[in-house]
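Visitor: Could you take one part of this model and examine it closely for me? I should like a connected account that states the reasoning behind each assignment.

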Amino acid sequence: MLVTNMSKKIKNIITGLVVLCGLVAVFFYINDPLETVVNNIILKPNDKVITSLGKEIYTNNCASCHGKNLEGQPNWRERNDAGYLPAPPHDKTGHTWHHSDAYLFQITKYGLEELIGEKYPNNMPAYKETLSDEEIIASLSYIKSMWSKSIQNKHDKINSRSNAK
């Protein structure tokens, strides 16, 4: 009798733990914390403190490839002999402003390969171990602050459409 009661208690505990794990999994599936953080990324090109920090971060981490003036590398649309694309410009001639704040944040933090889940020939490093989220946002805010108001407005519309999804 004692063994039967003990095994029922163990069975009930295990059942409770399985149900609890299932509920936690459903909660995180519905409320993905990473997605919530990423979808709430907002660049601040008009904040002088953030863009000043961003300029320093960009100069120290990005300018060697993307150019001091955001000009990118020559022939950035053509693969080199090793199969890599040169660094694109971040000015109006590039495609940076065609992407939402959230996408720019993700590509900078995690790198292209982690985002697409496979190897891809590129030289863009992931900065998740190098820069904080705030530093990534500051560098991207600096980049956006260098665009014309017209390009910034177009980028804001891209963000609006992206956030509406």
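Guide: In this predicted model, Tyr103 counts as partly exposed, because its relative accessibility of 30% lies between the 20% and 50% limits. Tyr103 belongs to helix H5. Together with Leu115 and Ile116, Tyr103 makes up a nonpolar patch on the surface, and the accessible area of the three residues together is about 220 Å².

Helix H5, which spans residues 101-116, also leads to the charged side chains. The structure contains four salt bridges, and one of them joins Glu113 to Lys119. The closest N and O atoms of Glu113 and Lys119 are 3.9 Å apart, so the pair falls within the 4 Å limit for a salt bridge. The two partners differ in exposure class: Glu113 has a relative accessibility of 28% and is therefore partly exposed, whereas Lys119, at 72%, is exposed because that value is over 50%.

A further salt bridge is formed by the side chains of Glu114 and Lys128, with an N to O distance of 2.6 Å. Glu114 sits in helix H5, while Lys128 lies in the loop between helix H5 and helix H6 (133-145), so this pair ties together parts of the chain that are 14 residues apart in sequence. Glu114 is partly exposed, with a relative accessible area of 44%. Lys128 is likewise partly exposed, at 36%.

Helix H6 supplies a partner to another of the salt bridges. Here Lys144 pairs with Asp156, and their closest N and O atoms are 2.5 Å apart. The pair connects distant parts of the chain, since Lys144 is in helix H6 and Asp156 is in helix H7 (residues 149-164), 12 residues apart. Lys144 has a relative accessibility of 2% and is buried, because that value is under 20%. Asp156, by contrast, is partly exposed, with a relative accessible area of 35%.

Ser145 is also found in helix H6. Its relative accessible area is 24%, so it is classed as partly exposed. Leaving aside neighbours within four places in sequence, Ser145 is in contact with Pro45, Thr51 and Gln152. The C-alpha atoms of Ser145 and Lys55 are separated by 9.8 Å, although these residues are 90 residues apart along the chain.

The cysteines complete this account. A disulfide is a covalent bond between the sulfur atoms of two cysteines. A search of the whole structure finds zero disulfides. For Cys62, the nearest cysteine sulfur is that of Cys65, 8.7 Å away, and Cys62 is in no disulfide. The reason lies in the distance: a disulfide requires two cysteine sulfur atoms within 2.5 Å, and 8.7 Å does not satisfy that limit. Cys65 is in no disulfide either, its nearest cysteine sulfur being that of Cys62. As for exposure, Cys62 counts as buried, because its relative accessibility of 13% is under 20%, while Cys65, at 37%, counts as partly exposed.

Methods. Residues are numbered from 1 along each chain as its sequence is written. This is a predicted model: local features need pLDDT of at least 70, side-chain atom pairs count only at pLDDT 80 or more; totals for chains, interfaces and linings use all residues. Side-chain values use heavy atoms; hydrogens and water are left out. Buried means under 20% relative accessible area, exposed over 50%, partly exposed in between (1.4 Å probe, protein chains only). Helices (H or I, at least four residues) and strands (E, at least two) are DSSP runs, numbered from the N terminus. Contact means heavy atoms within 4.5 Å. Patches are made of residues with over 30% relative accessible area and no salt bridge: like charges are joined within 9 Å, nonpolar side chains (Val, Leu, Ile, Met, Phe, Trp, Tyr) within 5 Å. Accessible areas come from the Shrake-Rupley method with a 1.4 Å probe; for residues, only the protein chains shown count as cover.
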